[in-house]
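Here's a quick briefing on the empty spaces, a couple of buried residues and one sheet. Have the viewer open while you read.

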Amino acid sequence: MIPKMKAMAALMCVCCFTAVCAGKTSVKSPDGNISVTFNLDRTGKPEYSVSYKNRAVVRPSRMGFTLADGTSLAEGFKIKEVTRQECDSVWTPVWGENETIREHYNGMTVSLTKAKTRVDIEFRAFDEGVGFRYVFRESPVSPLVIQDEVTSFAMNGDHTAWWIKEDYDSQEFEYTESRLSEITAPGVQTSLMMKTDDGLYVNLHEAALVDFPAMHLRLDKTSNTFRAHLTPRPDGTAAITDVPFRTPWRTVTVSDRATDILASNLILNLNDPCQIKDTSWIHPVKFMGVWWEMITGKSGWNYTSGGDIDLATFDYASAKPTGRHGANNENVRRYIDFASRHGFDQLLVEGWNIGWEDWFGKEKDFVFDFVTPYPDFDIAALNEYAHSKGIKLMMHHETSGSIANYERHLDAAYDLMNRYGYDIVKSGYVGNILPKGEYHYSQDIVRHYLNAVKKGAENHIMVNAHEAVRPTGLCRTWPNLMANESALGQEYAEMSPRHVTVLPFTRLQGGPMDFTPGIFRMDITEFAPGYQGKKKRATICNQLALYLTMYSPVQMAGDLPEHYERHIDAFQFIKDVPVDWSRSEYLDAEPGDYIVVARKDRNGPDWYVGGVTNEEARDYTLRFGFLPEGREYECTVYCDAGDSDGFTNPEAYTIYRKRVTSASELPLKMVRAGGFAVRLQPVFSALQLNVWQECTKVPGGFETLVSEIEHRQPDLVTLSEVRNYNGVDFTARLCESLKQKGLRYYSRRSDDSGIISRYPINDYSTVYPLQDDCGSIYCADVDIDGIRLALYTAHLDWHHYSCYNARGYDGSTWKECERPADAQTLVNLGLKSKRTEAISRFVESAREKMGQGRHVILGGDFNEPSFRDWTPEMSSEFGHNGFTVQWPVTTMLERDGFKDMWRTVYPDPVRNPGITYPSDVPSLPADKICWAPKADDRDRIDFLFGSAGVEPVDAFVVGPRTSMCRSGRVRETDSDSIADVSDKWFSDHKGVMVKFVVSGTPRHGYSRR
């Protein structure tokens, strides 16, 4: 829990110690579980150790550096002073797994001196781990040429580790699980995940890698001690640094729970705060791409065949096309159409620019210019077409490892992006780095990656870098650094299923990964013969779960449109799942085995849960304790089918729905290489009631109304026949009576129809004013947990109630009359009212509200039935006397996209007529509540309608099970769901209550910004 006072800026408390030559000093984490101890021995060698709950995690380990001239900065030091700091603050990331992050640590800075050299070692102890770095304050020589780093991590045992081999250019390897003593490589890369025999989880990494080489770890198996090894420069040295200078942080994350490692913000918190003043242009992105068809070989990147092409002189216009170029106008438009139709934000197009004929492995300096499209890629027309469809194109820059060439062209490339409206680039660094001798992770190239991000920030461009150095939390400082690849990703189709259960413990510790999930067609050779990957080993539900377990603010739907069309119901989850979160809860995990995580949408109230497993099938019980108490959720489950298998039957799945609460449990089975994905939508309720002149017609009616609302506790209530008798605001009076019963409702004054809401009303407006007793419509803007609603209440003209004419009564005078000759006569009689005029006003207002991003609900007594109830099948029922009528109000509403929520739940009017009028009132004699004494005038005239995103999940009539018919009481015996009441009721109408969820809330994207 974060105390309220912590919302303030960090509070720093500093005290100094007098200089000493040697000695120990320590600092503990705020919860006291982690302790880091610094020691300077009698020869002036600095060392540190880390413990967790009094258990050794890092035994005393060496610290420092050696310089290229032979100078040792690892011994001969004295302590000048020790200062301490405390920080407890909260910061808000631009995007991320959580809406806020608490930065809470105890700090200690040990200032060391050796002759004219001063080096500070800064320690920060968080509840989840420790970070330390070196700050070169003073030196007789500047710049310093660093030869090697002495920093060590002495492990307290032969732990189980998940590791990839040391490599200066790539992390695209599968992880090996072994004991430390069984590591076969000379060194390993960070982030290194380990587990001790007594159940501690330990992770070694680095944070804030700026202008310094990436760190590897070399293991001395005799002592289980890792020593830092820095990626070398071409001359064999590690780094050249001016003084003063800060190294990256060396980090140790530790807990006795695996989920704490996944949830840790240690790496982010060790980075500097955001350096971009205006971040409004930075936003998460869900995209598709002309990519997978190239990766699989179905199409290609290059426009023509060729060998050694001189980019400056080659004439592409006269070149012969291969016929396999994927980034052509027709194909890109096909992808744009699909992406737009299904609500994606952007479309990545690779292979759009000249140079792909001779890029890979040639080690050429000038391969791409990043601005010139192929002849069959009309960049201007395609951008215009994409924008007309409400999405953007995503830029792709493959450098082929030629850093100098990319830097020469970067300004022009970013200018082109700005000119055509691109706002994110996927950059690539495939192949050996040029100039020769440099590595992907050496100091100069690390500097280049960050410079590209900084220049991107200047141009309002977000960056998704592939083959770059692994991330170390710099996305806090530069949040336009959206993601990296920097690991074995989806393009390697035949990776083991366990790989995705390891990556969040390793590669993702430093920042998001563009893993490109969402592959649905696992037998790749079926559509791309000869592809090296042949088959993926994962179920479709495993792929869906990756959108939760592999966090990224830029998430791709990696597969081809035609493959999604084969499984459009499963594709719905990809369309629905957000890419930005307000809260993340890691529920269960074990590295290499399985991961289950729950996340809450940052822009709405929905929760999502994803789980993946390795090569082993496993049963799992999902518990929902992360949900708030007292609220039902509609749970949509995407899970492996009984006969599915990630190796032999990967495309089988099951989708079902059920209602859950925080106390529910859901048994699930994950098959081999399988998983599950769950969407949880809060269930809200709306109640429409005609209160029959404020319940004044029934003794004790008002009190009965209050009790009924207290019992049902609907979120939203629309009311008809609000009279405000004697100048008393009826809805305010109702809210006050409910308040006395412990229920908080909000209202605004109105006439004839009204609204009360359990959520504050932000705005209230008159849509159709009450005039000549011809009805009214009002609108309340209500925000429910991030969902923006426009709630309308309507009481339409009760004159010219023409459905009575079909029953032998005049709809205006209520006297017996001749029945009309045809249905059109009934419609014409009804049109004398102003109901259609009122509904036209509603539609106009609702469209405006939806344009503002609000969903719409309309509740009301329409004084006209539904055309869906007066059908041929119902022509002999309820006094319809053979009539089938296209009643205009409901016809207009459905024509304009508003759905009758009762009929959505219960589409059959024969089985579920949903009668609301006339209702029995048990305390009144029959003659007081019969309007057509000789007729069966039962009908459904009280409605709740919703716009497209409002999805009803349940509906029931509220009131007595008995209705009035031909001067008598008739018990309804149909299949309707009726919330029966006691012997008290207050109105000649029954109410209709609907439970609903809301989908499709605008979250992100070009068309909505």
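Which side chain makes a polar contact with the side chain of Glu590? That partner is Tyr201, and the two side chains come to 2.7 Å in this contact. Keep in mind that this is a predicted model. The notes below start from Glu590, then go through the pockets and cavities, and end with Trp292 and a sheet.

**Glu590**

- You'll find Glu590 in strand β30.
- Glu590 counts as buried because its relative accessibility is 15%, and the cut-off for buried is under 20%.
- Setting aside residues up to four places away in sequence, Glu590 touches Lys195, Tyr201, Thr501 and Phe505.
- So one of these neighbours, Tyr201, is also the polar partner of the Glu590 side chain.

**Largest pocket**

- The largest pocket holds about 980 Å³ of space.
- Its lining is made of 30 residues, and the closest to the centre are Glu128, Asp260, Ala263, Ser264 and Asn265.
- Four elements give two or more residues to this lining: β8 (101–114), β22 (249–255), α1 (258–263) and β30 (581–590).
- Strand β30, where Glu590 has its place, gives the most to the lining of this pocket, with six residues.
- If you're thinking about chemistry, the lining of the largest pocket splits into nine nonpolar, 11 polar and 10 charged residues.

**Second largest pocket**

- About 680 Å³ of space sits in the second largest pocket.
- Here 36 residues make up the lining, with Ile295, Trp301, Trp359, Val430 and Glu491 nearest the centre.
- At least two lining residues come from each of α3 (292–295), β25 (392–398) and β26 (424–428).
- Strand β26 gives the most to the lining of the second largest pocket, with three residues.
- By class, the lining of the second largest pocket has 14 nonpolar, 13 polar and nine charged residues.

**Cavities**

- How many cavities of 30 Å³ or more are there? The count comes to 11.
- The largest cavity has a volume of about 220 Å³.
- Around the largest cavity there are 21 lining residues, and those nearest its centre are Tyr449, Leu450, Val469, Leu481 and Asn484.
- Two or more residues of that lining come from each of α6 (403–420), β26, α7 (443–458), β27 (462–466) and β28 (481–484).
- Helix α7 has the largest share of the lining of the largest cavity, at five residues.
- The lining of the largest cavity breaks down into 17 nonpolar, three polar and one charged residues.
- Strand β26 turns up twice, since it gives residues to the lining of the second largest pocket and to that of the largest cavity.
- The second largest cavity has about 80 Å³ of space.
- Among the residues lining the second largest cavity are Gln490, Met495, Phe515, Lys536, Arg537 and Leu546.
- Helix α9 (residues 540–549) gives the most to the lining of the second largest cavity, with three residues.
- Sorted by class, the lining of the second largest cavity has six nonpolar, four polar and two charged residues.

**Trp292**

- Is Trp292 buried or exposed? Trp292 counts as buried because its relative accessibility is 0%.
- Trp292 lies in helix α3, and α3 is one of the elements that supply at least two residues of the lining of the second largest pocket.
- Outside its neighbours within four places in sequence, Trp292 is in contact with Gln490, Glu491, Ile519, Ile524, Phe527, Gly558, Asp559 and Leu560.
- Two of those contacts link back to the spaces above: Glu491 is among the residues nearest the centre of the second largest pocket, and Gln490 lines the second largest cavity.
- For scale, the C-alpha atoms of Trp292 and Val27 are separated by 50 Å, and the two residues are 265 residues apart along the chain.

**A six-stranded sheet**

- Six strands make an open sheet with mixed pairing, in the order β42-β43-β44-β45-β47-β46.
- At the edges are β42 (761–768) and β46 (899–900), each of which pairs on one side only.
- Strands β43 (residues 775–784) and β44 (residues 787–796) run antiparallel and are joined by 10 bridges.
- If you want a pair to click on, Ile777 has Ala794 in β44 as its bridge partner.
- As background, strands of a sheet pair through backbone hydrogen bonds, either parallel or antiparallel.

Technical notes
Residues are numbered from 1 along each chain as its sequence is written. This is a predicted model: local features need pLDDT of at least 70, side-chain atom pairs count only at pLDDT 80 or more; totals for chains, interfaces and linings use all residues. Side-chain values use heavy atoms; hydrogens and water are left out. On a 1 Å grid over the protein atoms alone, a cavity is a set of points where a 1.4 Å probe fits but cannot get out, and a pocket is an open set with protein on both sides within 12 Å along at least five of seven lines; lining residues have an atom within 4 Å of a point. Grid points are joined across faces, edges and corners, and a volume is the space filled by probe spheres set on the points. Ala, Val, Leu, Ile, Met, Phe, Trp, Tyr, Cys and Pro count as nonpolar, Asp, Glu, Lys and Arg as charged, and the others, Gly among them, as polar. Buried means under 20% relative accessible area, exposed over 50%, partly exposed in between (1.4 Å probe, protein chains only). A polar contact is a pair of N or O atoms within 3.5 Å; within protein, one must be able to donate a hydrogen and the other to accept it, and residues adjacent in sequence count only if both atoms are side-chain atoms. Contact means heavy atoms within 4.5 Å. Two strands pair if DSSP finds at least two bridges between them.
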